[in-house]
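Work through the exercises below with the model open. Each task is followed by its solution.

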Amino acid sequence: VIVEGTRPEIEKRVNRFVSGVTHRGYSVESLVRWNKPICPLVAGIPASQGEFILQRVSQAVHDAGAELDDEKCKPNFHVVLTPEPDQLLDLWRKRAPKLYGMTPPAQVRRILGKPRPVRVWYNVWDQCGDGVDTGSIIGADSNFGLTAMTPYGRGCLKDSRLTFTRVQSISSVIVLVDLDDTKEIKLGPLTDYISMVGLTDVDLDGNWGDEPTILRLFAASGDALSQKMSIWDRAFLKALYETSHTDRHQRTEIARHMVRDFMSR
């Protein structure tokens, strides 16, 4: 696949795409990504379909340059498919309130209670740039961005003009899929969507320009180009994990990596 256009044209399109995929708040804080091995688990569907999702998510993790855990790992990337997501959320809140970190129950209900075909919750650790946890945890999801953090424990050095000394590192993810709302979607595109939203906190209401992206999967104007993880999606995820997580200008660096990737094809 070739991205056509002159370099200035491609640079403009890439910058618009990266700005649309990422939240505006990332201008004052790091992007959200995994800095620990990922251990996917799929539940709620027949074993053969679950294995398909598991393998495809694992391949997406590998292609992005993130790290997969070993086979006997403790799951931290949970994919749950159910025809009754709201009832399941109520059950989780009662039986496992710590599943959402330190976020207040009312905040969890406000965020995950908003109907979407796929709902995503992240538990995000506030981590020093040197890889040491501060002990602060943040609740987040891909529809609303980060909630207020609760600081305690170890502090980090002060940010500089060039780098963040405190980064947003994913501790665990819950991807909740409404089987009724996704029954018309094939398993391949659905899994690509799950992979995209599970590897970083994307802005599902952002302006992605005219570029093909799996994020359009549930859009009313969706077309065949949005039925798989596109070259734009893959280039973005790869650049996200290639660039320094502490770089205050990481979005700019991601765009540069993507342009270089497209121009070299």
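**Exercise 1. Find the polar contact at the start of H6.**

Step 1. At the start of H6, a side-chain oxygen of serine 230 comes to within 3.2 Å of the backbone nitrogen of tryptophan 232. A polar contact is a pair of N or O atoms within 3.5 Å; within protein, one must be able to donate a hydrogen and the other to accept it, and residues adjacent in sequence count only if both atoms are side-chain atoms.

Step 2. Note the source. This is a predicted model: local features need pLDDT of at least 70, side-chain atom pairs count only at pLDDT 80 or more, and totals for chains, interfaces and linings use all residues. Residues are numbered from 1 along each chain as its sequence is written, and side-chain values use heavy atoms, without hydrogens and water.

**Exercise 2. Determine how many residues of H6 are buried, and what they pack against.**

Step 1. Helices (H or I, at least four residues) and strands (E, at least two) are DSSP runs, numbered from the N terminus.

Step 2. Of the 12 residues of H6, 9 are buried (under 20% relative accessible area, 1.4 Å probe, protein chains only). Among them are Trp232, Phe236 and Leu240.

Step 3. Their partners are helices H1, H2, H5 and H7 and strand E1; contact means heavy atoms within 4.5 Å.

**Exercise 3. Locate the disulfide.**

Step 1. Cysteine 39 and cysteine 73 are joined, S to S 1.9 Å (a disulfide is a pair of cysteine sulfur atoms within 2.5 Å).

Step 2. The link is right-handed, with 75° about the S-S bond.

Step 3. Cysteine 39 counts as buried because its relative accessibility is 4%. Cysteine 73 is also buried, at 18%.

Technical notes: Buried < 20%, exposed > 50% of the residue type's maximum accessible area, 1.4 Å probe, protein only.
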